[in-house]
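Visitor: I'd like a close look at just one part of this model, along with whatever sits around it. Please spell out the cut-offs as you go.

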Amino acid sequence: MFTKRLFMTALTATVILSACSGMHHEMAVNETGEKTDLAVMNPFILPPLPGRDTALAGFEVHNMGKSSDRLIAISSPISQRVEIHTHLDEDGVMKMRQVKDGLEIKAGETIALKRGGDHVMVFKTAISETTATVPLTLTFEKSGRITVAATVAHDGQAPAMDHSKMGH
Ligand SMILES: [Cu+2]
């Protein structure tokens, strides 16, 4: 009986995980030590291209809660100016614009900040070749501030876009 119950518990856990697209999810803890309903996954940062000083960062946020939340700001000790950007089609030309009112994450949904879509711009910065991770602090309307370690994609192989062609 005990064994069977353990098995059922394990089974339930598996089902929950696969419901979240099979990725590893760990609910993030915010700066006041509260466990949130959010998981922040695959945080990365692309160092500036040679001769430039703007980095691009991204991550996914999964909302396991029953109500929506909103990503309203991002900060990092490596820059005074970090912005959330989106792409807009203006008369057939794709342009980047800052998102000023944040990004909503509905209950049960995942948002992705990455190349070619919504993304994070880190201005006037530099990342040394020996730096493995960079702290990013994500501020959410309900969940508060969550800090993650973004992996520095020194090989440029993160889900990246070419900034030199994006007007930065
Ligand atoms: Cu941008």
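Guide: One definition up front: a residue is buried under 20% relative accessible area, exposed over 50% and partly exposed in between, using a 1.4 Å probe and protein chains only. What you're looking at is a predicted model, where local features need pLDDT of at least 70 and side-chain atom pairs need 80 or more, while totals for chains, interfaces and linings take in all residues. Numbering starts from 1 along each chain as its sequence is written, and side-chain values use heavy atoms, with hydrogens and water left out.

Let's take the copper site. His-85 (ND1), Met-96 (SD), His-119 (NE2) and Met-121 (SD) coordinate the copper ion at 2.2 to 2.6 Å. A donor here is an N, O or S atom within 2.8 Å of the metal (3.2 Å for Na, K and Ca), and since water is not among the atoms, sites may look incomplete. The angles between the four donor atoms run from 75 to 129°, which makes the arrangement irregular. For four donors, tetrahedral would take all angles between 85 and 135 degrees; square planar, like octahedral for six, would take opposite donors over 155 degrees apart and all others between 65 and 115; anything else is irregular.

Along the chain, the donors of the copper ion are spaced H-x10-M-x22-H-x1-M. Met-96 belongs to strand β5 (residues 93-98) and Met-121 to strand β8 (residues 119-122), so this pair ties together parts that are 25 residues apart in sequence. Strands are DSSP runs of E with at least two residues, helices are runs of H or I with at least four, and both are numbered from the N terminus. Both Met-96 and Met-121 are buried.

Now for the strands around the site. Two strands pair if DSSP finds at least two bridges between them. Strand β4 (residues 82-90) pairs with β8 in the antiparallel sense over four bridges, and Ile-84 stands opposite Val-120 of β8. β4 is also joined to β5, again antiparallel, by six bridges; Thr-86 has Arg-97 in β5 as its bridge partner. Between β4 and β5 there are just two residues, making a hairpin, and Asp-91 in that turn has a positive phi of about 50°.

Salt bridges turn up around here too: a side-chain nitrogen of Lys or Arg within 4 Å of a carboxyl oxygen of Asp or Glu counts as one, and by that rule there are five. Glu-90 makes one with Lys-95, with the closest N and O atoms 3.6 Å apart. Glu-90 is partly exposed, at a relative accessible area of 28%, and Lys-95 is partly exposed as well, at 35%. Another salt bridge links Lys-106 and Glu-104, whose closest N and O atoms are 3.8 Å apart. Salt bridges with shared partners also join Glu-90, Lys-95 and Arg-97 into one network.

Stepping back, the protein has one helix and ten strands. Of its 168 residues, 40% count as buried. If a contact means heavy atoms within 4.5 Å, residues 24 or more positions apart account for 64% of the contacts with a separation of 6 or more.
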